[in-house]
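Welcome, and thank you for taking a look at this structure with us. The report below walks through some of its contacts, one topic after another.

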Amino acid sequence: MTHYRVSADIGGTFTDFVVMEDNAHIYTGKVLTTPENPALGVLKGLTQLVPNLQEIEFLVHGTTVGLNAFLERRGSRVLLVMTEGVGDAYTIARGDRKELYALQYRKPQLLVERRAVHEVRGRVKWDGAILEPLHEEDFAPIVEAVRSEGFPAVAVCFLHSYAYPEHELRAREILASALPGISITLSHEIAREWREYERASSAVMNAYIAPIVERYLVSLEEQVRARGVDVTLHVMQSSGGVMTVDAARRQPVYTLLSGPVGGTVGCIALSQVTGRPNLIGVDMGGTSFDVSLVVDGRPEITSETQLEGLPLLMSVVNIRTIGAGGGSLAWLEAGAMRVGPQSAGAVPGPVCYGQGGTAPTVTDANLFLKRLGAQSLLGGRMTLDEAATAAAIHTMAAQVNLDDVAFAEGMLAITNAKMADAIRTITVEQGIDPRQFGLVAFGGAGPMHAVWLARELNIGEVIVPRFPGTFSAWGMLQTDVRHDLTRNYYFPVAGVDRTGIEGVFMELHAEGARALEAEQVAAGDMYFVRSADMRYVGQEYTVNVGVAEQLDVADVEQAFHAAHNTRYGHATPGAPVEFVNLRVAALGRLARKESRFRPQSSGSSEQTAHRLAVFDGVARKTPVLWRDDIPLGAVWQGPLVVEEDSATTIIPPGYSMRLDEWGNLIIHAD
Amino acid sequence: MAAKPGDIDPITTEIIRNAFIAIAQDMNATLIRSAYTPIIYEGKDCSVALLDEDGNVLGQSAGLPLFLGNLEICVKLTAEMYGWEVFQPGDVFYMNDAYMTGTHLNDSTIFAPIFSRGTRVGFAATRAHWLDVGAKDPGGSMDSHEIYQEGVRWAPTRIYEGGKPRKDIIDLLRRNSRFGYGLVGDMNAQVAACRTGEVRFQSVLDRFGHETVAAARDEIFRQSEQLEREAVLAIADGSYNAEGYLDNDGLGSPPVKVRVRVDIVGDQMTVDLDGSAAQTYGPVNCGFAQTISAVRVAFKLLVNPKRPVDGGTFRTLTVQAPEGSIFRATEPAACQWYFSSLGLLIDLIPRALASVLPQKVASAHYGDSMVIYVAGVDPRKGNAPYLAVEPTTGGWGAYHDGDGQDALINNVNGGFKDLPVEVYENKYPVVLRRYGLRTDTGGAGRTRGGTGIYREYHLDAPATIYLWFERSVTPAWGLFGGKQAVPPDVIINPGRADERHMLKVNALALKVGDVIRTQTGGGGGYGSPWERDPQRVRADVVDGYISRAGAERDYGVVLDETLAIDVARSEALRAAMQAAA
């Protein structure tokens, strides 16, 4: 019997699949996403790619169901319950402006109107003292409002519930018994951290997407079960770990950024497999350019993020998005030539797609310079309109007195420089030197630009992984089950009660073990990572510091100074330090094996295909290799084009490429 | 660097333009990353710029809106004092003189000339708020009346010479601060940011060569200037006026007048502040450099707001203010609260230009930072002393196609966030019992002004409070028939026998159980209230932004108990309102 491990990354247009057969042979596939019920696309792909669905032993998927429901504002109507006196904290949303120069500024659009925020008497103080008991009679009008106005979901956020959740728990009892079938989210169960607006916002987001994600997950599970798949379904989390469908149904908000993090997880796996500790991952698609870092083999995970200006307190792999992609448009003003950030988007898309686009995009420039071939996209199932692209470029080039080739190369030079500038700023912020990193390029357009980015940043090595177009899906097969647990613990480090801290960690540990157990992780496969959010007294923001199982407060304090030094460039040993939160990541190892690449080609393939690609104004006869035909080990000199179904890699003159034993393209300057 | 026009292609120009912007961002990232005090790395009370060899802006990154383009002046003033040959390789200069830099003494400018192969090719410049520069009170004062009370004043002074720190000067800085350790840390962060700018600029020079970079600069400036000329030319010629008043100078003066005349002649805009108050005894004065910055903020709000700033920007703008006025203060005027006058000035310029830019302006916002300090000792933490400093949000002005925003930080601040109730209560012995939107405070209009807020502090321990609330004399005005907003009000012990109202106070001692209720104003309305769609008025009542009574009084929309619109009575009421107008 064959064993299959399968991942599915449900994107906006395509659902990507990676299938690992008997932990050795890997192949990929792609089907159109079925937005009305994404489960159908998943099933279709599984049926096409796996001969016998009963032989699937592990199935993980990344879903954008929740994210799309949010982005398109199609989520459930939510009624929000808050503490009497501060219900407006949600509507006020902390009062900051995200643009400095805007007289007609608009705040991010919230998910709950002010009229749907209800207050309940019951006030807990900072230390748990009850200033006013919970007035249970205050729920009667709320129950009435949910019934009469038909709210499918309720979120509850009471002051100080991160430490004292009793009132929220009682609220659920009252609401659940009066309103069977209504989705109820308690803020402390989503985010056990202080800051009432951020916690309320996180709870509201969970409530907003819960019914839709629930329907989707139930449908998917039923349908794969009906086809004989008899394993626990896993879902990718924003934190870079996976969880079971059952856990995802309870906390759907954790799946929100389920898709894009796959790429970062892939970079970590790549880092471990190939022994490269420091990587900059760049995922360039049609409209955006995502950058993520792997430093010392670890991803950058933050405990807070924002979506369209709305804060979310949850563990998230830090991915920074820059408005540059294949669809970035060239435009002119005051005699100047600009590229992006405006994008032609999916519609009309680049001129060469023939869907009505008239202004040249970065993809058009690549096509015009024959770096991209007219048949390169989607394995030749889509032919690009070279004549239309040439006309569009000629029209705009003439307006700035440039010849067409110079204009097209100029568009790419401007875009590459902007992307490199953005990556450089990120490295300055993080206090790291890009020269000590490798650049991993994936996504449809990343491998076309990677060498130029590396050149601008003085990065010595570019890695184009196997299956760059489905790299996120590949990454999902490389991860662990993960649960993040947090407790607020606001104490000065000096004179801290060691047993108190230990007690909290043990509690989180036990909670995490229970969650993993519920996901059928065997005790031997569990491991736990402890950390603490700390800061100097007087600071507002915190630095996350790893904490050893054998707690030594002095070590932790030392580690904080060191982490502060790395993050901010200085430390103040001797200055008072305080704890803010204690965290435990509970992880469950999933069985997997490294897969070495087995070259399919005999290594004797005669290269016959060529294109006249342009580099530095000169059209050169450039070999076009099909990636699957490249033999292991041989070194190829640029100029060179490597094509495969989902991506095109360009190796310009002055660079050489080889295939490593895992199937990655490794590119260096000569 | 001399450049011949036309000897550069648009591709190189654009790459260099983006590089200038990125260099400023990298300098900013360096400063934020390595600063010691939260006011810089969290409050973003800082700015950086890369300048050319004559002090013109190549790229800049401002943390606060008010720090727009106020660094080049420091280089130019230094050259005016000592000549351009004063700048030598390895030098770093420090200055904070309020009459030169324009802001208060806490704002510390540090800049370094950049040399390449022996020639001066540019400057890297930074400004950051230092926590304490030796004022009579910690951090700064609310009641100063002479600059000498606000800290130590520095004209341009070398802190590095020939690449080496001047230990004696740095020691003098350190000794004159209550937080000398952090001061030196912040100074080093600024020097590091200058170094980042220098290294990054050098790499651009190495790649493209001086002549090409100079040609690109000239072309970039030309592009920016052309885009602004086109925008200003589109504004009808004329002379446009507006005026308003600060409540007082902080030390009990009569209202302080701010008067603005904007002249548009072709593609030139002149903002003349003649007629504004003479410099005051209290600390609401500022140096001319910062007045220019504030006018630039207002200009930027109206002209190409999304475009980055460079040396070609603001060439169409001239600012004039009489010597010895609050906007061009001279020694020994106190400057600690300089931004109150500037916040009003920034609001008045759109008001003056409203008739010719009706789609671009907004009615006035609530106006000032509305600061409350609560100070004392915390009995929960062994009587450790604490000082809680908070600006407060309020309503913003309505505009042609949108309501003003509720509860938003004021125009001279930007990324500031209110302190969460949960965090405040953990840090300080105070219960924030109520925090919410103040119904009926936004100015009525076809589009509604945003509402102000209330915030209630219940003291669990004795405390001393300081208040700086403003704009009761000139509350946020409306435009085109829109109504003015409700002004701010602070109440001590509301509803009790000892209830008191006040807006500014220095060191008021309060006891356990006392309550401070701060209330900020709303923003002005835009267009006649009776033109507002009754359904939107009703929606505002359902959401609680206005009351039923307010809907009837301010908008002429009558709602019954079920909040259904009484069409007949509403129409009659609206007709009467219109007739009376």
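Helices (H or I, at least four residues) and strands (E, at least two) are DSSP runs, numbered from the N terminus. This is a predicted model, in which local features need pLDDT of at least 70 and side-chain atom pairs count only at pLDDT 80 or more, while totals for chains, interfaces and linings use all residues. Residues are numbered from 1 along each chain as its sequence is written, chains are lettered from A and ligands numbered from 1 in the order in which they are written, and side-chain values use heavy atoms, with hydrogens and water left out.

**Salt bridges**

Let us begin with charged pairs. Side chains of opposite charge can pair when their charged atoms come close. A salt bridge here is a side-chain nitrogen of Lys or Arg within 4 Å of a carboxyl oxygen of Asp or Glu. Over all chains, a search of the whole structure finds 88 salt bridges. Here are some of them:

| Partners | Closest N and O atoms |
|---|---|
| A:Arg94 and A:Glu198 | 2.8 Å |
| B:Glu219 and B:Arg222 | 2.8 Å |
| B:Asp403 and B:Arg532 | 2.9 Å |
| B:Arg433 and A:Glu84 | 3.7 Å |

B:Glu219 and B:Arg222 sit three residues apart in helix H7 of chain B, about one turn of the helix. To describe how far residues are covered, we call them buried under 20% relative accessible area, exposed over 50%, and partly exposed in between (1.4 Å probe, protein chains only). B:Glu219 counts as buried because its relative accessibility is 19%, whereas B:Arg222, at 34%, counts as partly exposed.

The salt bridge between B:Asp403 and B:Arg532 spans a stretch of sequence. B:Asp403 is in the loop between strand S13 (384–390) and H10 of chain B and B:Arg532 is in the loop between S20 and H11 of chain B, so the pair ties together parts that are 129 residues apart in sequence. B:Asp403 is buried, at 15% relative accessibility, and B:Arg532 is buried at 2%.

In chain A, A:Arg94 forms a salt bridge with A:Glu198. A:Arg94 belongs to the loop between helix H3 (88–92) and strand S6 (117–120) of chain A, and A:Glu198 to helix H7 (residues 196–226) of chain A, so this pair ties together parts that are 104 residues apart in sequence. A:Arg94 is buried at 11% relative accessibility, and A:Glu198 is buried at 2%.

**Where the chains meet**

How many residues of chain B are in contact with chain A? Taking contact to mean heavy atoms within 4.5 Å, 90 residues of chain B are in contact with 72 residues of chain A. Buried area is the accessible area (1.4 Å probe) that two parts lose on being put together, summed over both. Between chain B and chain A this area is about 6900 Å², and carbon and sulfur atoms give 53% of it. On the chain B side, B:Arg33, B:Glu422 and B:Asn426 lose the most area to chain A, together 12% of what that side buries.

The count between chain B and chain A is 14 salt bridges, and one of the pairs across the two chains is B:Arg433 with A:Glu84. Several parts of chain B each supply at least two residues of the side that touches chain A, including helix H1 (10–34), helix H6 (180–208) and strand S14 (430–437). The largest share of that side, 15 residues, comes from H1(B).

**A helix and two residues**

H8(B) has 15 residues; at 1.5 Å a residue they should span 21 Å, taking 1.5 Å times one less than the number of residues, and its end C-alpha atoms are 21 Å apart, which agrees. Because 15 of the 15 residues of H8(B) are buried, this helix is largely enclosed by the rest of the structure. Just after H8(B), B:Asn304 takes a positive phi of about 45°.

In chain A, A:Trp452 is found in helix H13 (residues 446–457) and counts as buried at 14% relative accessibility. Leaving aside neighbours within four places in sequence, A:Trp452 is in contact with A:Arg371, A:Asn416, A:Phe615, A:Ile650 and A:Pro652. A:Pro652 is 200 residues from A:Trp452 along the chain, with their C-alpha atoms separated by 8.8 Å.

In chain B, B:Gln519 lies in strand S20 (residues 515–519) and counts as buried at 8% relative accessibility. Not counting residues up to four places away in sequence, B:Gln519 touches several residues, among them B:Arg438, B:Tyr454 and B:Asp489.
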